[in-house]
Amino acid sequence: MRIVLATSNQGKVKEFQSWITEYPVVAYTDLLEPFEIEENGTTFKENALIKARAVYEKLSPTTDIILSDDSGISIPILGGIPGIYSARYAGKEASAKENLDKLIRTLKEHHIERTPAFYTAAIALVGAKGEFCVHGWMHGEALAKAKGTNGFGYDPMFIPAGYTQTLGELDESVKKSFSHRAKALELARIILNSLK
């Protein structure tokens, strides 16, 4: 069984390859020309399934399992933003740093220095045996400043519950042990093993 990731993001591909070692893992762009997938869902689950379905349809018929994730950070005091728009909070072509900077500015505009926040990850699996989706969460606090250079995205402004440092300051191996994506992946692994 082979896992095809519905992403062309090489950072994400390496991350999943390091986590899923029992199956071959490839990016869909290793098999197909890259194509635009419109993420027009209203939840992380919907967007993860949209991406996985789109790749599955292009590869069909196939015995491969298509894996897609949709994830982001939510700040309840701001109404849950950026939520599903985390990857494009500062605009469709925005860089991770531009997204981070905009969220920090938004907190400062509301005179918020520190507030509860959480990450969500939805992992979708689509294959000949059906469609599945699992979730993982990581709770903590968001800061109105960036600290540290590890991780990616909003990591430098997020302190996970039980820690005093941001994900940008913590070693990557620490994050890997309890992150929202790691939790979702543990559940996805149970499904993958049942599909063998």
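In this predicted model, helix H1 passes helix H5 in a right-handed crossing. The two helices, H1 and H5, pack at an angle of about 55°, and their axes lie 12 Å apart. Angles under 35 degrees would count as roughly parallel and those from 65 to 115 as roughly perpendicular, and H1 and H5 are therefore described as oblique to each other.

Both of these helices also take part in the largest pocket, where the elements that contribute two or more residues to the lining are helix H1 (10–19), strand S3 (65–75), helix H3 (96–109) and helix H5 (180–195). The space within this largest pocket amounts to about 1300 Å³. Of the 40 residues that line the largest pocket, those closest to its centre are Asn9, Lys12, Glu39, Lys51 and Ala87. Strand S3 supplies the largest share of the lining, with six residues. Sorted by class, the lining of the largest pocket is made up of 14 nonpolar, twelve polar and 14 charged residues.

From the pocket we can turn to helix H2, which holds Leu49. Is Leu49 buried or exposed? The relative accessibility of Leu49 is 9%, and because buried means under 20%, Leu49 counts as buried. Leu49 and Leu67 are separated by 18 residues in sequence, while their C-alpha atoms are 8.9 Å apart in space.

The loop between helix H2 (44–59) and strand S3 contains Pro61, and the backbone there deserves a look, since the peptide bond that leads from Ser60 to Pro61 is cis, with omega near 0°. A cis peptide bond also joins Ile81 and Pro82, where omega is about -5°. Whereas Pro61 is placed in a loop, Pro82 belongs to strand S4, which covers residues 81–82.

One further backbone feature concerns His111, a residue other than glycine whose phi is nevertheless positive, with a value near 55°. Where along the chain does His111 lie? His111 is located in the loop between helix H3 and strand S5 (114–127). The relative accessibility of His111 is 72%, and because exposed means over 50%, His111 counts as exposed, whereas Leu49 in helix H2 counts as buried.

Conventions:
Residues are numbered from 1 along each chain as its sequence is written. This is a predicted model: local features need pLDDT of at least 70, side-chain atom pairs count only at pLDDT 80 or more; totals for chains, interfaces and linings use all residues. Side-chain values use heavy atoms; hydrogens and water are left out. On a 1 Å grid over the protein atoms alone, a cavity is a set of points where a 1.4 Å probe fits but cannot get out, and a pocket is an open set with protein on both sides within 12 Å along at least five of seven lines; lining residues have an atom within 4 Å of a point. Grid points are joined across faces, edges and corners, and a volume is the space filled by probe spheres set on the points. Helices (H or I, at least four residues) and strands (E, at least two) are DSSP runs, numbered from the N terminus. Ala, Val, Leu, Ile, Met, Phe, Trp, Tyr, Cys and Pro count as nonpolar, Asp, Glu, Lys and Arg as charged, and the others, Gly among them, as polar. Buried means under 20% relative accessible area, exposed over 50%, partly exposed in between (1.4 Å probe, protein chains only). Axes are lines fitted to C-alpha atoms, for helices over the stretch in contact, and angles run from 0 to 180 degrees between N-to-C directions. Angles under 35 degrees count as roughly parallel, over 145 as roughly antiparallel, 65 to 115 as roughly perpendicular and the rest as oblique. A crossing is left-handed if the near helix is turned anticlockwise from the far one by less than a right angle, and right-handed if clockwise.
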